[in-house]
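Visitor: I have some questions about how the labels on this structure are earned. Could you walk me through them?
Guide: Gladly; let's put it on the screen.

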Amino acid sequence: MLFGFLKQKRQEKADDQQHWRERWQSLVPEENRSVPVTVDGKTMTAYVQINHFVMMLQDGLLMQQGFFDVCAHFQRAGYHVIWLVRCTQDIAGGYLKLRKASGNECLWKW
């Protein structure tokens, strides 16, 4: 019974991540969503591509190894890369900590 609960919570988390990405993608026309970009025979999908910008959406765990590979791929294709990162997992897991808050500005330590 307990394992069923854990499995359900994991699925809810995955659904939440997908819903978060879909909400951001819904802000742009359909032809600008999930755009494949091929460089040197390798294809990566930009969550959003408009003009010479691609936007990547990441839910948690900042600076994964693939981050730099993705940036390099899109830069080789001539795009500027914008990352939108939701850091709730990083904060909850203790990887990202608030050090100082002043008005609307926050200083974080990663």
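Visitor: How many salt bridges does a search of the whole structure find?
Guide: The search finds one salt bridge. Please keep in mind that this is a predicted model.

Visitor: Which side chains meet in the salt bridge, and what makes it one?
Guide: The partners are Arg86 and Asp16, with 3.0 Å from N to O. The cut-off for a nitrogen of Lys or Arg and a carboxyl oxygen of Asp or Glu is 4 Å, so the pair qualifies. Side chains of opposite charge can pair when their charged atoms come close.

Visitor: Which parts of the chain does the pair link?
Guide: Distant ones: Arg86 belongs to strand β4 and Asp16 to helix α1 (residues 2-25), and the two are 70 residues apart.

Visitor: Why is Arg86 called buried?
Guide: Its relative accessible area is 17%. Buried means under 20%, so Arg86 earns the word.

Visitor: And why is Asp16 called partly exposed?
Guide: Asp16 has a relative accessible area of 32%. Partly exposed covers the range between the 20% limit for buried and the 50% limit for exposed, so Asp16 belongs there.

Visitor: Let's turn to the overall layout. How many helices and strands does the protein chain have?
Guide: There are three helices and six strands, and from the N terminus they follow the order α-β-β-β-α-β-α-β-β. Of the 110 residues, 27% count as buried.

Visitor: Which strands form the open sheet, and in what order?
Guide: Four strands do, in the order β1-β2-β3-β4, with mixed pairing. On average, neighbouring strands of this sheet are turned by 50° against each other, direction ignored.

Visitor: What makes the pairing mixed?
Guide: Going through the pairs shows both senses. β1 and β2 run antiparallel, joined by six bridges; β2 and β3 are also antiparallel, over three bridges. β3 (residues 53-59) and β4, on the other hand, pair in the parallel sense over seven bridges.

Visitor: How do you know that β2 and β3 count as paired?
Guide: At least two bridges are needed, and β2 and β3 have three, so they count as a pair.

Visitor: Why do β1 and β4 stand at the edges?
Guide: β1 (33-39) and β4 (80-86) each have a single partner strand, so one side of each has no neighbour in the sheet.

Visitor: Which residues stand opposite each other in these pairs?
Guide: Val35 faces Ala46 in β2, and Thr38 faces Thr43, also in β2. Further along, Gln49 has Val54 of β3 as its bridge partner, while Gln58 is matched with Val85 in β4.

Visitor: Where does helix α2 lie?
Guide: Helix α2 (residues 66-76) lies across β1, β2 (42-50), β3 and β4, and runs at about 80° to β2.

Visitor: What is notable about phi in Asp40?
Guide: Asp40 has a positive phi of about 50° although it is not a glycine. Asp40 sits in the hairpin of β1 and β2, which has two residues between the strands. The hairpin of β2 and β3 also has two residues between its strands, and there Asn51 takes a positive phi near 50°.

Visitor: Is Asp40 buried or exposed?
Guide: Exposed: its relative accessibility is 74%, and the word applies over 50%, so the label fits.

Visitor: Where is Ser34, and what is its phi?
Guide: Ser34 is in strand β1, and its phi is positive, near 45°. With 41% relative accessibility, Ser34 counts as partly exposed.

Visitor: Why does Asn32 count as buried?
Guide: Asn32 has 14% relative accessibility, and the limit is under 20%, so Asn32 counts as buried. Asn32 is in the loop between α1 and β1. Leaving out residues up to four places away in sequence, Asn32 touches Tyr47, Val48, Gln49 and Ile50.

Visitor: Last one: which residues make the nonpolar surface patch, and why can Leu98 belong to it?
Guide: Ile91, Leu98 and Trp108 make the patch of about 280 Å². Leu98, in strand β5 (residues 97-102), is partly exposed at 44% relative accessible area. A patch residue needs over 30%, so Leu98 meets that condition.

Terms used
Residues numbered from 1 in each chain as written. Heavy atoms only, no water. Patch = residues over 30% accessible without salt bridge, like charges linked within 9 Å, V, L, I, M, F, W, Y side chains within 5 Å. Areas by Shrake-Rupley, 256 points an atom, 1.4 Å probe, with all protein chains shown as cover. Buried < 20%, exposed > 50% of the residue type's maximum accessible area, 1.4 Å probe, protein only. Axes fitted to C-alpha atoms, helices over the stretch in contact; angles between N-to-C directions. Contact = heavy atoms within 4.5 Å.
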